[in-house]
Amino acid sequence: MAKVKVLHITKWFPNKADEQLGIFIEKHIRATQPFTEAHVFHLLPADVDSASIDYSQNNGMPTTTLTYPSESSAIYKMCVFSFEIKKALKSITDKFGEPDLIHGHIYAQPAFIARRYFKQTPLIMSDHWTGFVNGYYDAFPAWKKAAFRKSSQWAFCTTVPSPFLKEAMVKHGFQGQFQIMGNVIESVPKVEKAD
């Protein structure tokens, strides 16, 4: 039986600059590998002058990283960045084929990318951001909040690690089907006590 092809789109993912960033996202993807054929599209803002696209095999996990200037202007994001995203996605589909499912991690950019470039492909989102409960989201300008809420309407399901986060997102106007799905943790072998 053929595995489902899943394209994961995320800004949080372990990298050379921060090996712990989004480690729970990597663990989640690894947990699905027996059942899916996964490819990670990692959007990595960094202190660089221009964008670059790199492909790697991260312990058996195909990953395409688009590194781009973190302090880029709105014009850059509308023009150059859009072109680089399109180029990166083309390189992914050339290697991987068209995905059966898009799994976006952390609103809202992955959802916008999914709807722009894979309009007919089902989208599931996962979010772990504490900004919905600690006031960071409240400080967003109105247009950015609206963009986040709009993007939630495109996902057929949003997974969150706790009822507390779900309640906060619903309170902020996020719509759709929510599922509680805890973060992946490694099991610890049982140690037998010595007699």
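In the predicted model, arginine 30 has a relative accessibility of 24% and therefore counts as partly exposed, the cut-off for a buried residue being under 20%. Its salt-bridge partner is glutamate 26, with the closest N and O atoms 2.9 Å apart. Glutamate 26, at 10% relative accessibility, counts as buried. The pair thus joins a buried acidic residue to a partly exposed basic one. Both residues belong to helix α1, which spans residues 23-32. Because glutamate 26 and arginine 30 are four residues apart in this helix, about one helical turn separates them.

Three salt bridges are present in the structure. Apart from the pair in α1, helix α2 (residues 74-96) contains the pair formed by glutamate 84 and lysine 87. The N to O distance in this salt bridge is 3.6 Å. The two residues are three positions apart, or about one turn of the helix. Glutamate 84 counts as buried, since its relative accessibility is 10%. Lysine 87, by contrast, reaches 41% and counts as partly exposed.

Helix α2 also holds aspartate 94 and lysine 90, which are four residues apart, again about one turn. Their side chains form a salt bridge in which the closest N and O atoms lie 3.0 Å apart. Aspartate 94 has a relative accessible area of 55% and is exposed, as the threshold for that class is over 50%. Lysine 90, with a relative accessible area of 49%, falls in the partly exposed class. In this pair, then, the acidic residue is exposed and the basic residue is partly exposed.

Helix α6 was examined for the placement of its buried and exposed residues. This helix covers residues 163-171, and its buried residues are Leu165, Ala168 and Met169. Viewed down the axis of α6, these buried residues fall within an arc of 95°, so they line one face of the helix. Glu167 and Lys171 are exposed and are carried on the face turned away from the buried side. The two sides of α6 therefore separate into one lined by the buried residues and another that carries exposed Glu167 and Lys171.

The cover over the buried residues of α6 includes a helix, α4 (131-134), and two strands, β7 (157-160) and β8 (178-180). Glycine 173 follows α6 and has a positive phi, near 100°.

Note on methods: Residues numbered from 1 in each chain as written. Predicted model: local features only at pLDDT ≥ 70, side-chain atom pairs only at ≥ 80, totals over all residues. Heavy atoms only, no water. Buried < 20%, exposed > 50% of the residue type's maximum accessible area, 1.4 Å probe, protein only. Arc of directions from axis to C-beta. Contact = heavy atoms within 4.5 Å. Salt bridge = Lys/Arg side-chain N within 4 Å of Asp/Glu carboxyl O.
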